[in-house]
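Q: Before we go through this model together, could you show me how a careful reader moves from a general idea to the particular case?

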Amino acid sequence: MKSRSQEQSLSDSRELDRSHDPLTGNAGPKPNKKTLKQRFLKLLPCYHSSSRPSLRQGNVIDEGELFTVSYRPEGLDRLVQQTNFSKKELQILYRGFKNECPNGVVNEETFKSIYSQFFPQGDSSTYAHFLFDAFDSQNNGAVNFEDFVISLSIILRGSTADKLAWAFNLYDINKDGCITREEMTDIVTSIYDMMGKYTYPCINDSDAKEHVDNFFRKMDQNKDGVVTIDEFLESCQKDENIIQSMMMFDNVI
């Protein structure tokens, strides 16, 4: 008999498997936005639904409270200009961030620990490392509130081009401006490792190579063995399935 955690892990993996795969263009049923919101925010450090405050008067932090932790983020008005969030939404996000990260930053080990709780059936450490690097815009080994909320704004409410550029940065592991087969293989393998043995259908040893081949067949327009940002954007914007996948998080907060 499966334990409750095993059944949940199996359910999570199947839901992941049914969703759209932007690398191959395979599309599945459109996920429920409320579910996506809960699942996605649980992936992110320093934000949990249990710590989300009400918007009722007296329960929203004021701007002065932003400066009570070790790391001091930019003022709310500036972040409103830099992101697609309202002032109240930023206040809510910061309250959750501060509750989980009192010193105002999250390091990679904490990020990995949070991510591993969401994918207990597999090994999420490598993919979490890549994702952390994408959030760590200053490349200093720490994600502060500005890093977090600016990336979150792009992922949830950015334009299609902005979302694709953010995804390209995630796949471009060494940040040299192009995606190699080795980098994409590392990304795909880390995703398979994260999904674990409960995926359906089961993952074969050849699947990662096939996934990477499909990616380069679609994206590498001049067949030089690497994918540039221009090739990536142009190829993705021509693919309706990929565009739809980029929109799945729109306005979920």
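**Reading the features**

A: We can begin with a polar contact: in this predicted model, the side chain of T83 reaches the backbone oxygen of L79 at 2.8 Å, and the side chain of T83 also reaches the backbone nitrogen of F85, at 3.3 Å.

Q: Where is the place of T83, and is T83 buried or exposed?

A: T83 sits in the loop between α3 (76-82) and α4 (87-100). With a relative accessible area of 7%, T83 is under the 20% cut-off and therefore counts as buried.

Q: Which residues does T83 touch, not counting residues up to four places away in sequence?

A: With those sequence neighbours set aside, T83 touches L90, V149, I150 and S153.

Q: What can be said of L76, and how far apart in space are L76 and K88, C-alpha to C-alpha?

A: L76 belongs to helix α3 and, at 0% relative accessibility, is buried. Although L76 and K88 are separated by 12 residues in sequence, their C-alpha atoms are 9.3 Å apart in space.

Q: How should I read a nonpolar core, and which residues have the most contacts inside the largest nonpolar core?

A: The general idea is that, in soluble globular proteins, nonpolar side chains tend to be buried together. Here the largest nonpolar core has 49 residues, and those with the most contacts inside it are F148, M184 and F232. Helix α6 (residues 125-135) gives the most to this core, contributing 7 residues.

Q: What span should helix α9 have, and which residues in α9 are buried?

A: A helix can be checked against an expected rise of 1.5 Å a residue, taken over one less than its number of residues. The 15 residues of helix α9 (residues 181-195) should therefore span 21 Å, and because the end C-alpha atoms are 21 Å apart, the model agrees with that expectation. Within α9, the buried residues are E183, M184, I187, V188, S190, Y192, M194 and M195; M184 is also one of the residues with the most contacts inside the largest nonpolar core. After α9 comes G196, whose phi is positive, near 75 degrees.

Q: How many disulfides does the count come to, and are C178 and C236 buried or exposed?

A: A disulfide is a covalent bond between the sulfur atoms of two cysteines. In this model the count comes to 0 disulfides. C178 is buried, with a relative accessible area of 15%, and C236, at 2% relative accessibility, counts as buried too.

Key. Residues are numbered from 1 along each chain as its sequence is written. This is a predicted model: local features need pLDDT of at least 70, side-chain atom pairs count only at pLDDT 80 or more; totals for chains, interfaces and linings use all residues. Side-chain values use heavy atoms; hydrogens and water are left out. A nonpolar core is a set of buried Ala, Val, Leu, Ile, Met, Phe, Trp, Tyr and Cys residues joined through side-chain atoms within 4.5 Å. Buried means under 20% relative accessible area, exposed over 50%, partly exposed in between (1.4 Å probe, protein chains only). Helices (H or I, at least four residues) and strands (E, at least two) are DSSP runs, numbered from the N terminus. A polar contact is a pair of N or O atoms within 3.5 Å; within protein, one must be able to donate a hydrogen and the other to accept it, and residues adjacent in sequence count only if both atoms are side-chain atoms. Contact means heavy atoms within 4.5 Å. A disulfide is a pair of cysteine sulfur atoms within 2.5 Å.
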